[in-house]
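Biologist: I would like a close look at a single part of this model, followed outward into the elements that surround it. Please take the request as a starting point and go on from there as far as the coordinates allow.

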Amino acid sequence: MTKINELEKEIRNIKRDPIPKRTDEEIYKLVGELISKMTLEEKVGQMYQSSFEGAAITGPEFDSSKVVDYIKKGRISSLIGLSDINQIYNLQKTAVEESRLGIPIIFAHDIIHGYKTSFPVNLAMSCSFDMQMIEDMAKTLAFESSRSGVNLTFSPMVDLVQDPRWGRVMESYGEDTYLGCKIAEAYVKGLQQDDLESYESIAACVKHYIGYGKSEAGRDYNTVELSDRTMRQSYLPQFKAAVDAGVAMVMTSFNSFDSIPVTHNKYLIRDVLRNDLGFDGVVISDYTSTNELIYHKTCRDEKEVAKKCIVAGLDIEMVGECYSDYLAELVNEGRINSELIDEAVKRVLYFKYKIGLFDNPYKNIYSNSEKYWLNDKTREKARDVSRKSIVMLKNDNSILPLNRESKESVALIGPFVDSKEVLGPWSGFAEERDCVTVLEGMNCQNSNLSIKYAKGCEVTTISQESLDEAIKISENVDKIILTLGEHQVMSGEAKSRTSISIPDAQIQLLEELSQLNKPIIVLLFNGRPLELNYVSEVASAILETWYLGTENGNAIADILFGVESPSAKLTMSFPRNTGQIPVYYNSFQTGRPFLANDPDLAYRSTYIDSANDPLYKFGFGLSYTEFEYSNIKISKNEMSKGEEVLVSALVRNVGNYCGEEIVQLYIEATCFSVIRPINELKGFKKIFLEKGESQKVTFTLRESDLAYYNCDMEYTPENTLFKIRIGGSSVSYLETDLKFNI
Ligand code: GLC
């Protein structure tokens, strides 16, 4: 291994000639020539992604001490989780110069919502409904990663979610398929930029294929029960959107589907993903999800794992050694056809040619990577994205925004006021020390407010002393700003909760502060919907701030002082209590629906101890101004196959501030050959209106927007009447009719 200072000199001298753009035919010719020279062991080597000691791991640790030896033998295709640029260079140099065929290695990592500049967690960003913003964010993420040795990120994560007990909802885009498709597309376009040869893009891997977000009881890695119909209707379109956007890789999920683990589910990988969606890129397992098939009890041993996975169409095994230990043996015993190996290796080598690794194995290895990270420009972008991810859930008597000229006094209370632990899970290589706290953000706003701070309690504990201190400084102020929520380690992978409540210590702090009869403005820090019944009763205002990352405090202060009006809208319903889960906007009516106009009717699908609907609904979010909807119009009330209609409404800003409004388009089929949701998002447009300004917002509705898998599993509309809705949330809209005639 080369000495460090020599390495650094070599890295500084890496040449970066443009990567030639080749046709698929040209690439496959080169791949074919290379495969013809490869031994069976070298081919199998292209199907193994290893971790490396000290790398960020997300599952059981494996012995990676033999990695360098494996690289020299051409038995490793990719490494995951590395960030030391000298180490990355050295390992790549070993692969290129010391292995027999010099096949370069793919360096991969989970750069989900930022490399060094940390953007809000995905669930937060999804609430912006701003696809251009998300695409631009992904471009920034790709740029920082491309300067740091990363060739591939395991993103976008497109799991549909309806259960906030699951810790990974923070990584998702919420409960709606249509929105998930739009965000998947924006992410892939931002990461890959339709130019994988570029030095500014990185390859994307869409995950987790498929159904992982439906883990039973919200318990991570648990069993999934999903019909083929629901899988195709609600979970598959997001993957199709990513595939249609050119995503380079797909990752299989830990869970089973129809009782067969996805990692060796031939139907899902070969029939659905490859044949139905036309995906011909690389399929990679999740972290050790191959070895875990033994726990699923569908494989007796790792040799059977290797056989079942290669037959199912899995190309690369992530941090599992079943392939490297047994595939060659299985071929030599005649138990698998060597063509299965060749087809996988062909896809892997195509990927490496396509992203330019054969032309320049060091394309993403730069000296002084830090000079590309976290600058004023990326911070400003992160601040803007963070502002647009904050959802205002309540604002009684327009207590917000704060008046920076007033001489009022404000108490900042709670465990997140002066916390830099706001990156959220999956924060790449972002550092908490770079985060702006709420206290810092408030103090940088040069207001005349007198601001005092007391923590009041820890996330899960409270002391009489801390409580007394909080009460003392709050007794004589005009307003209290109280931060409540979960610590970031309570969200993310393997962080399921049986309760979505705010920790008791914080509720006690809120109860004590509410005795002071002063307006309380609550700021929420959380990666999942929380149970907010009590908070919604006692707070005058509630801002859902999630985990906003690097520019956390500045963005929150900007919204509090009205630098920008909150514009985000919820993409996941907030249940009234854990017992309601799952509760989501696009549910089904059932045969005994609750009838609002006859609430006491017996024997209905209701609870005896709770309302049916969530506390805060999908698509809901307040602004400092108000938007009035009127004049819904449709170009015609009947349409047939191949036709389209225009639906419009007038939106007026009737409040006292300028602001953005996310105008939403929903439909409901009044009758269909299968049960269909009571509401379906089919469009959204974000508009900006000055005070008093109005705008006609028009959507185009096509046959495909009205389609659904019918009783014969044909994706089509039917002769039926549709309700067409335009509004500011899934429960507040204008409505008109549209008859579809086959
Ligand atoms: C994890 C996650 C997956 C991630 C992978 C690599 O267990 O399930 O989302 O990309 O391992 O870190």
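Which residues does Ser128 touch, not counting residues up to four places away in sequence?

Modeller: This is a predicted model, and what follows should be read with that in mind. Ser128 sits in the loop that runs between α6 (122-126) and α7 (131-146). Leaving out residues up to four places away in sequence, Ser128 touches Met133, Ile134, Lys388, Ala568, Ile662 and Lys686. Two of these, Met133 and Ile134, fall within the range of α7 (131-146). Because buried means under 20% relative accessible area, Ser128, with a value of 0%, counts as buried.

One of the contacts of Ser128, Ile662, lies in strand β20 (residues 659-669), which is joined to β25 by six bridges in an antiparallel arrangement. Within that pairing, Tyr666 has Arg725 of β25 as its bridge partner. Strand β25 (residues 720-727) also pairs with β26, again in the antiparallel sense, over eight bridges, and a hairpin of five residues links β25 to β26. Along this pair, Thr720 is set opposite Phe740 of β26, and Ile726 is set opposite Leu734 of β26. Six of the eight residues of β25 are buried, so that this strand is mostly covered. On β26 (residues 733-741) there is a further pairing, with strand β18 (residues 638-640), which runs parallel to β26 and is joined to it by three bridges; here Ser640 stands opposite Asn741.

A separate open sheet is made of three strands in the order β17-β19-β22, paired antiparallel. Its edges are β17 (627-634) and β22 (694-702), and because each has a single partner strand, one side of each is left without a neighbour in the sheet. Averaged over the sheet and with direction ignored, neighbouring strands are turned by 20° against each other. The antiparallel pairing of β17 with β19 (residues 644-653) rests on six bridges, and within it Ser630 lies opposite Leu650 of β19.

Turning to the packing of nonpolar residues, the largest nonpolar core has 91 residues, and Tyr187, Tyr209 and Leu327 have the most contacts inside it. Helix α8 (residues 177-192) supplies the largest share of this core, with eight residues. Leu327, with its neighbours within four places in sequence set aside, is in contact with Val44, Met47, Ala306, Ile310, Cys322, Ile336 and Ile341. Apart from this core lies another, of 81 residues, which includes Leu400, Leu467, Ala539 and Ile556. As general background, nonpolar side chains in soluble globular proteins tend to be buried together.

Ile310, one of the residues that Leu327 contacts, also takes part in a meeting of two helices, since Lys266, Ile269 and Arg270 in α10 meet Ile310, Val311 and Ala312 in α12. The axes of α10 (residues 266-276) and α12 (residues 302-312) come within 8 Å and cross at roughly 15°, and these two helices are therefore roughly parallel to each other. Their crossing is right-handed. Helix α10 has a further partner in α9 (residues 228-244), where the axes come within 14 Å and cross at roughly 50°. That angle makes α9 oblique to α10, and this crossing is right-handed. The residues that meet there are Asp228, Met231, Arg232 and Leu236 from α9, and Tyr267, Leu268, Val272 and Asp276 from α10.

Helix α18 (residues 504-514) gives one more view of how an element is covered. Its buried residues are Ala505, Gln506, Ile507, Leu509, Leu510, Leu513 and Ser514. The elements that cover them include the strands β12 (409-413), β14 (479-485) and β15 (520-525), together with the helices α17 (464-474) and α19 (533-538).

To return to the starting point, Ser128 is a buried loop residue with a relative accessible area of 0%, and its contacts include Lys388, Ala568 and Lys686 as well as Ile662.

Conventions. Residues are numbered from 1 along each chain as its sequence is written. This is a predicted model: local features need pLDDT of at least 70, side-chain atom pairs count only at pLDDT 80 or more; totals for chains, interfaces and linings use all residues. Side-chain values use heavy atoms; hydrogens and water are left out. Two strands pair if DSSP finds at least two bridges between them. Helices (H or I, at least four residues) and strands (E, at least two) are DSSP runs, numbered from the N terminus. Axes are lines fitted to C-alpha atoms, for helices over the stretch in contact, and angles run from 0 to 180 degrees between N-to-C directions. Buried means under 20% relative accessible area, exposed over 50%, partly exposed in between (1.4 Å probe, protein chains only). Contact means heavy atoms within 4.5 Å. A nonpolar core is a set of buried Ala, Val, Leu, Ile, Met, Phe, Trp, Tyr and Cys residues joined through side-chain atoms within 4.5 Å. Angles under 35 degrees count as roughly parallel, over 145 as roughly antiparallel, 65 to 115 as roughly perpendicular and the rest as oblique. A crossing is left-handed if the near helix is turned anticlockwise from the far one by less than a right angle, and right-handed if clockwise.
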